[in-house]
Amino acid sequence: MTEVFRLEDLKVQFATRRGKLNAVRGVTLTVRAGECLGIVGESGSGKTVMWRAAMGLLRGKKVTRTGSVRLGDVELLTMAPKQVRQFWGTEIAMVFQDPMTALNPVRRIGSQFAEALVKRKGMKKEAAMARVVELLRLVRMPEPELLVRKYPLQLSGGMRQRVMIAMAIACEPKVLLADEPTTALDVTVQAQVLELLSDLRETLGMGMVIVTHDLGIVAGHSDRIAVLYAGEVVETAATKDLFANTKMPYTQALLNSIPRLDGAPGDRMQAIDGAPPDPVSETTGCFFAPRCNFAQDKCRNEHPELVDDGDGHAYRCFFPLGGRR
Amino acid sequence: MSTAHLRPVGQAILRVENLVVEYPTRAGKVRAVSDVSLDVVAGETVAVVGESGCGKSTLAKGIMRLIPSVSGRVFLNGTDLASLSGEALRCARPNIQMIFQDSISSLDPHLRVRELVEQPLKVWGRGTDAERRDKVDDLLRSVKLDPGVVADRKPTEFSGGQCQRISIARALSIEPQILVCDEPVSSLDVSIQAQILNIIQDMKQRYGLSLLFISHDLAVVRAISDRVCVMYLGKVCEVSTPQRLTSSPAHHYTHALVSAVPIPDPTLGRRRAVVQGEPPSPTNPPSGCRFRTRCPAATEQCAAEEPQLREVSPGQFVACHHPRV
């Protein structure tokens, strides 16, 4: 499969009053055509910052970005904002967590949607409107002809998220980044939206990234998963391998802390005690060591590198579960 | 008048009968809670589960008399809260306390943690200064916070999980019989969520509490409750044990809800969404059974006649003309 998107040693720092805040500390990831990569991390792990910085949505005096972000053969990180913009929508598109605020509340759905097609694809207004209806039908919206006359606040959260998805795929991007696409939605609607995203990826052959805090969501909908902790990838593998053959104690702890429908009721939850390290202070050793049940002296003094056993399953741990390294 | 699932009057600490709560809107009155009955016996955890807009939070607020009800009765130890007002209502309140979803904003940012936890004791004139001090230290320790470190700080210095623990300590300071928890863990990360659920369970044991636990998360509900009420569009559609709820749901909506929960196991493959669409508007609910517009088993009878709760197996009640079991 061809590689469509690649982050190479991406680092993002913020200048704060307390000092430099390391939000992303050198992340390397690739997305291939037609594949879905799941990025899993808790709040503060840097998952959202990483994609916003890579897309060029996060820049300015107080943000330092280093490394490389390649879209096909193009380097995005060093490009001027105006030039990056031409790739948005056509090559790489995003779906955001909050469909309530991502749409313009004072314009009708049809008009704000068609504008994108007119500007990006040079379509005539009428043709663009017809295409909008077609796209809304593609994301399984009921009565798309009536919908284009409505304002965002007349739609439910799930419908708004479908509109966002339709807008994101309008110019047939090669990569779709979905940042917590279903967090604001109810579970029955979440199931529908995830199904829609997976179907669209298959029919359009896009590369897709789903960023989420919920391992349950990516289990059924991704080909590979990268687990983020304190701004670093701590484990990455094919989805089935990650679950069947978990190496990193953090990933295991995260899995154990999820209440499950097939678990025994009344059981005690397995919490992870403590909290992630402060992103401002410098920490030596493994970032997870203070919360890890298996930590030894080496873990507290030396920072582990991300190593691969040669089977595409990489982890950042000196004493992985199940051995090796 | 669906009250078949209520237990004999003497057994329950809290007994809610046919509660109706309405909100005025421009489009007319919205009946957010429509004829809901439930009861909680001593030492029990009763969960109310449903999607956004089903009326579960309104139900909690209606029980607490934080908002007025249109009709119905709320018995706490045999006294009808709905008939009380003024000082009599105030005096009944120490027995029933509540914690909220957004723990950070539900604590006064100007008060120190010690003052926050001590406040209910002061209001009710319990103990001397020294006794109250010891009690606060003890409460903070029981929610796994170090009084020496946290007592003189303000809520803004703490994370969501820590604030939720402070809220729990505060709510339990006057030793209520019932703690109403409105989505206490839904804004927290999974690892922190597990910590809070464990603390709630510990507190339940230690103080002999009964819990009314409002949540949208079936997996959480299954893990901690003894009895579950499923709500849809302002009505209770199923009452069950957590085991039966997931193994053999009787209502088609419960089934849809259970099948939509993402399971962190990639070997299960992608599961198809069982229901399509979203709940209809509560301003104009469907006639008969409220779920019929999305239900795969709906017939003419469902539109004509509203189903009442009836027992389909011991401890399992369903309001459906064509139940799955």
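These legends walk through several close-up views of a predicted two-chain model.

In this predicted model, local features need pLDDT of at least 70 and side-chain atom pairs count only at pLDDT 80 or more, while totals for chains, interfaces and linings use all residues. Residues are numbered from 1 along each chain as its sequence is written, and chains are lettered from A and ligands numbered from 1 in the order in which they are written.

**View 1. Here chain A meets chain B.** Contact means that the C-beta atoms of two residues, placed from the backbone, lie within 7 Å. By that rule chain B brings 39 residues and chain A brings 41 residues. On the chain B side, helix 7 (190-207), helix 8 (218-224), helix 9 (242-247) and helix 10 (252-260) each supply at least two residues. Helix 7 of chain B has the largest share of that side, with six residues. Sorted by class, the chain B side holds 20 nonpolar, 11 polar and eight charged residues. Here Ala, Val, Leu, Ile, Met, Phe, Trp, Tyr, Cys and Pro count as nonpolar, Asp, Glu, Lys and Arg as charged, and the others, Gly among them, as polar. Helices (H or I, at least four residues) and strands (E, at least two) are DSSP runs, numbered from the N terminus.

**View 2. Two domains of chain A touch each other.** Domain bounds come from an automatic or database domain assignment, which gives domain 1 (3-91 + 173-315) and domain 2 (102-172) in chain A. Their C-alpha centres lie 29 Å apart. Domain 1 of chain A puts 14 residues into the contact and domain 2 of chain A puts in 12 residues. Look for helix 8 (residues 187-204) of chain A, which gives the most to the domain 1 side, with seven residues. That side has 11 nonpolar, three polar and no charged residues.

**View 3. An open sheet of eight strands runs through chain A.** The strand order is 6-7-8-3-9-10-12-11, with mixed pairing; two strands pair if DSSP finds at least two bridges between them. Strand 6 (92-95) and strand 11 (307-308) of chain A are the edges, each pairing on one side only. Strand 6 of chain A runs parallel to strand 7 (residues 175-179) of chain A, joined by four bridges, and Val95(A) has Ala178(A) as its bridge partner. Helix 7 (residues 157-169) of chain A lies across these two strands, at about 175° to strand 6 of chain A. Such angles run from 0 to 180 degrees between N-to-C directions, with axes fitted to C-alpha atoms, for helices over the stretch in contact.

**View 4. Strand 10 (residues 232-238) of chain A has neighbours in strands 9 and 12 of chain A.** Six of the seven residues of strand 10 of chain A are buried, so this strand is largely enclosed by the rest of the structure. A residue is buried if 20 or more other C-beta atoms lie within 10 Å of its own, exposed if 12 or fewer, and partly exposed in between, with C-beta atoms placed from the backbone. Six bridges pair strand 9 (residues 224-229) of chain A with strand 10 of chain A in the antiparallel sense. The two form a hairpin with two residues between them, and Ala230(A) in the turn has a positive phi of about 50°. Glu235(A) is the bridge partner of Val227(A), and Glu235(A) also has Tyr315(A) as its bridge partner in strand 12 of chain A.

**View 5. Strand 8 (residues 210-215) of chain B is covered on both faces.** Ser210(B), Leu212(B) and Ile214(B) on one side, and Leu211(B), Phe213(B) and Ser215(B) on the other, are all buried. Five bridges join strand 8 of chain B to strand 3 (residues 45-49) of chain B, in parallel. Strand 7 (residues 178-182) of chain B also runs parallel to strand 8 of chain B, again through five bridges. Leu211(B) stands opposite Thr45(B) and is the bridge partner of Leu179(B).

**View 6. Gly288(B) sits in the loop between helix 10 and helix 11 (300-304) of chain B.** Gly288(B) is partly exposed, with 18 other C-beta atoms within 10 Å. Its C-alpha atom is separated by 4.5 Å from that of Ala303(B), 15 residues apart along the chain. Leaving aside neighbours within four places in sequence, the contacts of Gly288(B) include Cys302(B), Ala304(B) and Glu306(B).
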